[in-house]
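I opened the notebook to record a few lookups in one structure. Which contacts and surfaces should I write down?

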Amino acid sequence: MEGISLLNWGFINWNLPLNHLDLFVVGIWNTLVLTLLPLTVGWLISIPFALARANKHRVFNKPIWAFTYFFRGTPLLIQLFLIYYGAGQFEIVRESVFWVILRYPWWCAFIAFSLNSTAYQTEILRGAIETTPLGDIEAAKSVGMSSLKRIRRIIIP
């Protein structure tokens, strides 16, 4: 059993991850941040979008529907490519203040994940809002709750 160590057996060289543990920690941190922050941003943006979609607001319903249709209908990888590679193709973007953010891959991933998360959460919340029992809403109206208070206490939860 010559040449076999506890960290180097089979096809896996366990010395490699141990030697580069700092890179793995940075990767795990980036993964957590690029998961939790876009989910939070998406949730904050999706609440007013879902309320506008559920109320079938004449002005906002179609653009929000188009937004959710596009971001739910295209693969996330394509969205990443469009934001990271596509935005830099236009000189107007490269000369604008947005180029400070759009030239970095981390921010492009953050934007793509946030927009994608917003689209999915908007439709989830819209469905939940539309299935709120009408009796609950009428009961809230009968006790004199304002529409903002109804949204906060009855519809969103």
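**Charges in helix 7**

I started with Glu123, which is buried at a relative accessible area of 12%. The model is predicted, so I read every value as computed from the model.

I then looked for the partner of Glu123. Its side chain meets that of Arg126 in a salt bridge, 2.9 Å from N to O. Both residues lie in helix 7, three residues apart, about one turn of the helix. Is Arg126 buried or exposed? Arg126 counts as buried, because its relative accessibility of 19% falls under the 20% cut-off.

Arg126 has another partner. I found a salt bridge from Arg126 to Glu130, with the closest N and O atoms 2.8 Å apart. This pair also sits in helix 7, four residues apart, again about one turn of the helix. I checked Glu130 for cover. Glu130 is partly exposed, at a relative accessible area of 36%.

**Out of the helix**

Which residue outside helix 7 pairs with Glu130? I got Lys56: the two form a salt bridge, and the closest N and O atoms are 3.1 Å apart. Lys56 lies in the loop between helix 2 and helix 3, while Glu130 is in helix 7, so the pair ties together parts that are 74 residues apart in sequence. Lys56 counts as exposed, with 54% relative accessibility. I also noted the backbone there. Lys56 follows helix 2 and has a positive phi, near 50°.

I ran the search over the whole structure. How many salt bridges does it find? The count is four. I then traced the links. Arg53, Lys56, Glu123, Arg126 and Glu130 are joined in a network of salt bridges. Arg53 is one of the buried residues of helix 2.

**Helix 2**

Next I took helix 2, residues 21-54. It has 34 residues and reaches 48 Å from its first C-alpha to its last. That is close to the 50 Å expected at 1.5 Å a residue. I looked for a bend anyway. Where does helix 2 kink? A kink of about 35° lies at Ser46, shortly before the proline Pro48.

Ser46 is also on my list of buried residues in helix 2. Others on that list include Val33, Leu34, Pro38, Gly42 and Ile47. Towards the end of the list I have Ala50, Leu51, Ala52, Arg53 and Ala54. What do the buried residues of helix 2 pack against? I found helix 3 (61-73), helix 7 (105-130) and helix 9 (147-155).

**Asn116**

I went back to helix 7 for Asn116. Asn116 is buried, with a relative accessible area of 12%. I set aside residues up to four places away in sequence and listed its contacts. Asn116 touches Phe71, Leu76 and Gln79.

**Nonpolar surface**

Last, I looked for nonpolar side chains on the surface. Which residues form the nonpolar patch? They are Phe70, Leu77, Ile78, Phe81, Leu82, Tyr84 and Tyr85. Together they have about 670 Å² of accessible area. I asked which helix gives the most to the patch. Helix 4, residues 76-86, does, with six residues.

I checked one of the patch members in helix 4, Tyr84. Tyr84 is partly exposed, at a relative accessible area of 31%. The cut-off for a patch is over 30%, so Tyr84 at 31% passes it.

Conventions
Residues numbered from 1 in each chain as written. Predicted model: local features only at pLDDT ≥ 70, side-chain atom pairs only at ≥ 80, totals over all residues. Heavy atoms only, no water. Helix = DSSP H or I, 4+ residues; strand = E, 2+ residues; numbered from the N terminus. Expected span 1.5 Å × (residues − 1). Bend = angle between axes of the 7 residues up to and from the residue. Buried < 20%, exposed > 50% of the residue type's maximum accessible area, 1.4 Å probe, protein only. Contact = heavy atoms within 4.5 Å. Patch = residues over 30% accessible without salt bridge, like charges linked within 9 Å, V, L, I, M, F, W, Y side chains within 5 Å. Areas by Shrake-Rupley, 256 points an atom, 1.4 Å probe, with all protein chains shown as cover.
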